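Student: I would like a close look at a single part of this structure, the place where its helices pack against one another. Could you take me through that part in one connected account?

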Amino acid sequence: MLTNHEDKVASHNVVPIIHVDDTEEALTPSAGGSIHSSLSGTPRGNEGSDGEIESVTSEPRLQVGSYQIKESFASILHSILDKYGDIGASCHLESVAVRSYYIECVCFVVQELQSASIMQLSKSKVKELLAIIKDVESAQLRVAWLRSALDELAENIELINHHQEVEAEKDNSGRQVESLREELESELETLAQKEQEVANIKTRIPQITGRLSELELQASELNKSMLSIKSKVDNLHIKSLVDELL
């Protein structure tokens, strides 16, 4: 059975499936944003009187309800029909092949959601799936339930992306904080060294001051002695003592 869209959105236990056949190419929106212009993935062949389609695709097709779809989509379509009824009953298209194609579009979107966790789905991928649903809605298929799931998924992915951006900013801020912390520790270490040098200088200042006082006192005493001696020298008679003796 198809799970509720909340379970599909939150599931993290499934493995992505890579599609390599022609259906995925047909499901990809064209350059004009619509898949109406390209039906390369629809069953190709002649429609007989009983409405059956002769398929030329490599994958076998099964009749599920009133639709001819690829075998790989059969279980998904069974689940959709069981839970939501015939979502294509209101489709205005007459061709069984084209109606089946749009049903396969719906199955493809469901398969993509089931085969990848929300962390594996990108914003662009969800946008692509929403574009497919828009084309399906234009064919008047009842897929409001799927659009609701995709809209919620897009919001969740936006929230996850925002969380990742905030987390990246937080990590960057954390690195800056750590860098500044290391710089601060280095500056504090340098400051401690300078403070130790200042402390050592302060310790030597009294010694230097004491020694300076001693030298100044000594210089003062020497100056006094010099002045006393100079005074005596100035009082000496210039006349030679030899002259006084004769």
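**How three helices pack**

Tutor: Helices α4 and α6 pack at an angle of about 35°, and their axes lie 11 Å apart. In this pair α4 passes α6 in a left-handed crossing, and the contact is made by Val106, Val109, Val110 and Leu113 on the α4 side and by Trp145, Leu146, Leu150 and Leu153 on the α6 side. The model discussed here is a predicted one, and the values that follow are computed from it.

It helps to place these helices in the chain before going further. The protein chain has seven helices and two strands, arranged along the sequence in the pattern α-α-β-β-α-α-α-α-α. Of its 246 residues, 28% are buried, and among contacts between residues at least 6 apart in sequence, 67% join residues at least 24 apart.

Against that chain-wide figure for burial, consider α4 itself, which covers residues 96-114. Of its 19 residues, 17 are buried, so α4 is largely enclosed by the rest of the structure. The length of α4 agrees with what its residue count predicts, because 19 residues at 1.5 Å a residue should span 27 Å and the end C-alpha atoms are 26 Å apart. At the start of this helix, a side-chain oxygen of serine 95 comes to within 3.2 Å of the backbone nitrogen of alanine 97.

The next partner of α4 is α5, and here the axes come within 10 Å and cross at roughly 155°. An angle over 145° counts as roughly antiparallel, and α4 and α5 are therefore roughly antiparallel to each other. The contact is made by Tyr102, Cys105, Val106, Phe108, Val109, Glu112 and Leu113 of α4, which meet Lys125, Leu129, Ile132, Ile133, Asp135 and Val136 of α5. As for handedness, α4 passes α5 in a left-handed crossing. Val106, Val109 and Leu113 of α4 are thus named in the contact with α5 and also in the contact with α6.

Within α5, isoleucine 132 deserves a separate word. Isoleucine 132 lies in helix α5 and is buried, with a relative accessible area of 0%. Its C-alpha is 8.1 Å from that of valine 106, although the two residues are 26 apart in sequence. Both residues are among those that form the contact between α4 and α5.

Between these two helices runs a loop that contains isoleucine 118. Isoleucine 118 is buried, with a relative accessible area of 9%, and its C-alpha is separated by 9.2 Å from that of isoleucine 160, which is 42 residues away along the chain.

Turning to α5 as a whole, this helix has 16 residues and reaches 23 Å from its first C-alpha to its last, close to the 22 Å expected at 1.5 Å a residue. The buried residues of α5 are Lys125, Val126, Leu129, Leu130, Ile132, Ile133, Asp135 and Val136.

The remaining pair is α5 with α6, in which α5 covers residues 123-138 and α6 covers residues 144-235; their axes come within 10 Å and cross at roughly 160°. That angle makes α5 roughly antiparallel to α6, and α5 passes α6 in a left-handed crossing. On the α5 side the residues in contact are Lys123, Val126, Leu129, Leu130, Ile133, Lys134 and Glu137, and on the α6 side they are Leu146, Arg147, Leu150, Asp151, Leu153, Ala154, Ile157, Glu158 and Asn161. Leu129 and Ile133 of α5 meet α6 and are also named in the contact with α4, while Leu146, Leu150 and Leu153 of α6 meet α5 and are also named in the contact with α4.

The link from α5 to α6 has a backbone feature of its own. Glutamine 140 is placed in the loop between α5 and α6, and its phi is near 65°, a positive value in a residue other than glycine. Glutamine 140 is partly exposed, with a relative accessible area of 43%.

Finally, α3 adds to the surroundings of α4 and α6. In α3, which covers residues 74-84, the residues Ala74, Ile76, Leu77, Ser79 and Ile80 are buried, and the buried residues of this helix pack against β1 (61-64), β2 (67-70), α4 and α6. After α3 comes glycine 85, whose phi is positive, near 80°.

Technical notes. Residues numbered from 1 in each chain as written. Predicted model: local features only at pLDDT ≥ 70, side-chain atom pairs only at ≥ 80, totals over all residues. Heavy atoms only, no water. Helix = DSSP H or I, 4+ residues; strand = E, 2+ residues; numbered from the N terminus. Expected span 1.5 Å × (residues − 1). Buried < 20%, exposed > 50% of the residue type's maximum accessible area, 1.4 Å probe, protein only. Polar contact = N/O pair within 3.5 Å; in protein donor to acceptor, adjacent residues only side chain to side chain. Axes fitted to C-alpha atoms, helices over the stretch in contact; angles between N-to-C directions. Parallel < 35°, antiparallel > 145°, perpendicular 65-115°, else oblique. Left-handed = near helix turned anticlockwise from the far one by under 90°. Contact = heavy atoms within 4.5 Å.
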